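I opened this model to look up a few points of its fold, and I am keeping my notes in the order in which I checked them.

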Amino acid sequence: MDDPSWCLATTRSYIHPVNASARAMWALGDYHRFATETVWELGPVLVTACGVSAGQRVLDVAAGTGNVAIRAAETGASVVASDVTPENFDAGRRAARKTGVELEWIEGDAQALPFADDEFDVVMSCFGVMFAPDHGAAASELLRVCRPGGVIGLINFTPEGAGGDFFRVLSAYAPPAPSAAPSPLLWGTENHVKNLFGDRVQALEMTRHEYCETAMSPRAYFELFRDSFGPMVAIRAGLREQPARTAELEAAFMEFIARWNRGASEGQVRIPYEYLLVLAHKLGV
Ligand SMILES: C[S@@+](CC[C@H](N)C(=O)[O-])C[C@H]1O[C@@H](n2cnc3c(N)ncnc32)[C@H](O)[C@@H]1O
């Protein structure tokens, strides 16, 4: 599997101390617009899979604008949305207000969560924790803040699906990774997740599923990423002085669409993205 070095290059500085470059990247564009037009249907999927219910204390790690957190709050749970990019919280607060729910928004790195041991009944992350470069530290933090017997639920792109291909396309245009950090896509493989959690969990359940992203046309799909997806905005800004490379990136993205599109080639885009749904119960009762 090729390394999606753009992710690594841009998230590497998370390890210590605070990681201005990754935060700046995810704050670019318009993440809430992007999320609502692509991954928004997955928030309820994860909340239902984890059995979130009223009265539980729930954490959404790398929450973005609350895809999972807002849906968890709708059940009556007491929810904290945490992310390293607080620039996106205002959009999340507006979405929560519109939905009529209240939750807490707390800045935090998945590798060093600002919460107490055993604080949450349920800890979830949708396409989030996979971007923290120190996988071992992030897995240990998910476990630490979850109570014994509590549930950890994750949605991660698989390397074999369209998400894996997408990251490999982008990585070719990103600055080289400063050093060999593990690929975020490893979180989409059963063995890696099993090794990360080891014997600290019971009943580790992992299943592969698909969701579809749609757009009015291939051009509209490209423009959505160009204008609203922070990592794409950052890479294009880095290529500002290189119009030929910028055009190449656009062509590569259009080829990516053509490879995966199950809709009409000039009409509506419909791309199936495979993900690994992880459900783990922390050891203990
Ligand atoms: C693809 S978005 C997913 C957001 C949200 N979970 C959703 O479903 O829309 C990835 C998120 O991970 C966050 N992130 C990346 N690295 C992180 C880290 N080390 N700790 C916490 N959040 C992180 C980014 O700020 C961004 O909000």
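**Leu113 and its surroundings**

I began with Leu113, which has a relative accessibility of 5% and therefore counts as buried, the cut-off being under 20%. I keep in mind throughout that this is a predicted model. I located Leu113 in the loop between S3 and strand S4, the latter covering 120-126. I then listed what Leu113 touches, leaving aside residues up to four places away in sequence, and found Leu59, Val61, Ser82, Glu141, Leu142, Arg144 and Val145. I also looked up the separation of the C-alpha atoms of Leu113 and Ala138, which are 25 residues apart along the chain, and noted 8.6 Å.

**Strand S1**

Two of those contacts sent me to the strands. I asked myself how many of the five residues of S1 are buried. I counted four, so S1 is largely enclosed by the rest of the structure. Following its pairing, I found that S1 (residues 57-61) runs parallel to S2 and is joined to it by five bridges, while S1 and S4 pair in the parallel sense over three bridges. I took Asp60 as an example, and noted that its bridge partner in S2 is Ala81, whereas its bridge partner in S4 is Met124. Val61, which Leu113 touches, stands opposite Ser82 in S2.

**Strand S2 and the crossovers**

I turned next to S2 (residues 78-83), and recorded that five of its six residues are buried, leaving this strand mostly covered. I saw that S2 is also joined to S3 (residues 104-107) by four bridges, and that these two strands run parallel; here Asp83 stands opposite Glu107 in S3. I then traced the connections, and found that S1, helix H5 (residues 67-73) and S2 make a right-handed β-α-β unit, and that S2, helix H6 (residues 89-99) and S3 make a right-handed β-α-β unit as well.

**Helices H8 and H12**

Last, I looked at a helix pair, for which I wanted the angle between the axes and the distance between them. I noted that H8 (residues 162-171) and H12 (residues 243-260) pack at an angle of about 165°, with axes 10 Å apart. The two helices are therefore roughly antiparallel to each other, since angles over 145 degrees count as such. I recorded the crossing of H8 past H12 as right-handed. Which residues meet there? I listed Ala162, Asp165, Phe166 and Val169 from H8, meeting Ala252, Phe253, Phe256, Arg259 and Trp260 from H12.

Note on methods. Residues numbered from 1 in each chain as written. Predicted model: local features only at pLDDT ≥ 70, side-chain atom pairs only at ≥ 80, totals over all residues. Heavy atoms only, no water. Buried < 20%, exposed > 50% of the residue type's maximum accessible area, 1.4 Å probe, protein only. Pairing = 2+ DSSP bridges. Right-handed = clockwise from strand over helix to strand, strands pointing away. Axes fitted to C-alpha atoms, helices over the stretch in contact; angles between N-to-C directions. Parallel < 35°, antiparallel > 145°, perpendicular 65-115°, else oblique. Left-handed = near helix turned anticlockwise from the far one by under 90°. Contact = heavy atoms within 4.5 Å.
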